[in-house]
Amino acid sequence: MRYGFIGCGNMGGAVARALSRSTKDIVVSDRSGKAKNLARELEIGYGTNEELAESCDVLFLCVKPHMMAGMLQPLQPILARRKPVLVTMAAALTLAQIEEMAGCRLPVVRIMPNTPTAVGCGVIPYCCNDLVDQTMLELWLKDMAPCGLLDPLEETLIDAASALSGSGPAYLYVMLEALADGAVACGIPRAKAMSYAAMTMAGAAQMYLQTGQHPGALKDAVCSPGGSTIVGLRALEQRAFRAAVSDCVIATYNKNKEMGK
Ligand SMILES: NC(=O)c1ccc[n+]([C@@H]2O[C@H](COP(=O)([O-])OP(=O)(O)OC[C@H]3O[C@@H](n4cnc5c(N)ncnc54)[C@H](OP(=O)(O)O)[C@@H]3O)[C@@H](O)[C@H]2O)c1
């Protein structure tokens, strides 16, 4: 299958980078020509939006949501004739809205990727319209495997998933920096503090993923009675850490829904 990426910024570039580990049959386009550097680095092609629409079986639409209609409008005659599969990653644009902007009925997949996709550790919930063929979907999932976790999710839950896994990396980077700041205040050099914090976050996530134990049980295993970790946890809870984190996800979800209106 030949893949095209219309728009190749932060997110399009992350998916193209991961996909290029499966196949080099990829062409990217943008407006400024910046994506030429990525194309050179990944040893993939560069072309115009029209060239991509004419030649690709699967077209990733990686422009900002408010630019989608304007980008698709001139491609409508080609899309109506060729009916490639469109893969949209635009926050808050539905499958039906993408079909409407494309100007015809054609297969559409909606994904909600996150930036760790670039290093093969992404989370990508997806949903499809009724024109996506099962054989094509399986081929696409196989090629997308280097991105990380691809998981089917009903469309009504995509905004909620976006608030967790789409935006989540930003929240975790703040946590990483804050953990390191604490350690620097206790005398650890900055570079060591950052790498210990990052490995601790990755290690804790792996413990959960590999053992399947409840996070509460894993937490209890770190907290010795009368020890220091339980005192640290109390300091977090005094500042309403759990409420702050879950309110953060809910606020993001509400904003996603508002943007979709
Ligand atoms: N960033 C995230 O974490 C994230 C997560 C989930 C979903 N998304 C979604 O991913 C999409 C892209 O977001 P982003 O963060 O990657 O944005 P970005 O870094 O600003 O990239 C947008 C890209 O679109 C290109 N572009 C704009 N208009 C175009 C046109 N008419 N023809 C061809 N290329 C065009 C831009 O090219 P120039 O630079 O040349 O203008 C740029 O390469 C958005 O819809 C967003 O909702 C992002």
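In this predicted model, a polar side-chain atom of Ser 32 lies 2.6 Å from an oxygen atom of the ligand. Two backbone contacts accompany this one. A backbone N or O atom of Gly 9 is found 3.2 Å from an oxygen atom of the ligand, and a polar backbone atom of Ala 91 is 3.0 Å from an oxygen atom of the ligand. On its own the ligand has 910 Å² of accessible area, and the protein covers 82% of this. The surroundings of the ligand comprise 24 residues, of which Met 11, Arg 31, Ser 32, Asn 49 and Val 63 are the closest.

It helps to step back to the chain as a whole. The protein chain has 261 residues, and 38% of them are buried. Its secondary structure amounts to 13 helices and eight strands, and its C-alpha trace spans about 70 × 35 × 30 Å along the principal axes. Among contacts with a separation of 6 or more, 58% are between residues 24 or more positions apart. The accessible surface of the chain is about 14,300 Å², with 60% of it belonging to carbon and sulfur atoms.

Helix α1 (residues 10-19) offers a good way into the interior. Eight of its 10 residues are buried, so the helix is largely enclosed by the rest of the structure. These buried residues are Met 11, Gly 12, Gly 13, Ala 14, Val 15, Ala 16, Ala 18 and Leu 19; Met 11 is also one of the residues closest to the ligand. The cover over the buried part of α1 includes the strands β1 (3-6), β2 (26-29) and β4 (58-61), together with the helices α2 (35-42) and α7.

The largest nonpolar core holds 34 residues, and those touching the most other members are Phe 5, Phe 60, Ile 111, Trp 140 and Met 144. Helix α1 gives the most to this core, with six residues. Apart from residues up to four places away in sequence, Met 144 touches Val 15, Leu 19, Phe 60, Ile 124 and Leu 150. Two of these partners, Val 15 and Leu 19, are among the buried residues of α1. A second, separate core has 27 residues, including Val 63, Ile 78, Leu 79 and Ala 102. Val 63 also appears among the residues closest to the ligand.

Loops can be buried too, as Asn 129 shows. This residue sits in the loop between β7 (122-128) and α7 (134-144), yet its relative accessibility is 10%, below the 20% cut-off, so Asn 129 counts as buried. Beyond its neighbours within four places in sequence, Asn 129 contacts Leu 95, Glu 99, Arg 105, Leu 106, Pro 107 and Val 108.

Backbone geometry adds some further detail. Most residues other than glycine have a negative phi. Glu 43, however, has a positive phi of about 60°. Glu 43 belongs to the loop between α2 and β3 (45-46) and is exposed, with a relative accessible area of 62%. Ala 240 likewise takes a positive phi, of about 55°, without being a glycine. This residue lies in the loop between α12 (229-238) and α13 (241-259), and its relative accessible area of 37% makes it partly exposed.

Helix α10 (residues 190-211) allows a simple check of length. At 1.5 Å a residue, its 22 residues should span 32 Å, and the 31 Å between its end C-alpha atoms agrees with this. Just after α10, Gly 212 has a positive phi of about 70°.

Terms used. Residues numbered from 1 in each chain as written. Predicted model: local features only at pLDDT ≥ 70, side-chain atom pairs only at ≥ 80, totals over all residues. Heavy atoms only, no water. Helix = DSSP H or I, 4+ residues; strand = E, 2+ residues; numbered from the N terminus. Expected span 1.5 Å × (residues − 1). Buried < 20%, exposed > 50% of the residue type's maximum accessible area, 1.4 Å probe, protein only. Contact = heavy atoms within 4.5 Å. Near = heavy atom within 4 Å. Polar contact = N/O pair within 3.5 Å; in protein donor to acceptor, adjacent residues only side chain to side chain. Areas by Shrake-Rupley, 256 points an atom, 1.4 Å probe, with all protein chains shown as cover. Core = buried A, V, L, I, M, F, W, Y, C linked by side-chain atoms within 4.5 Å.
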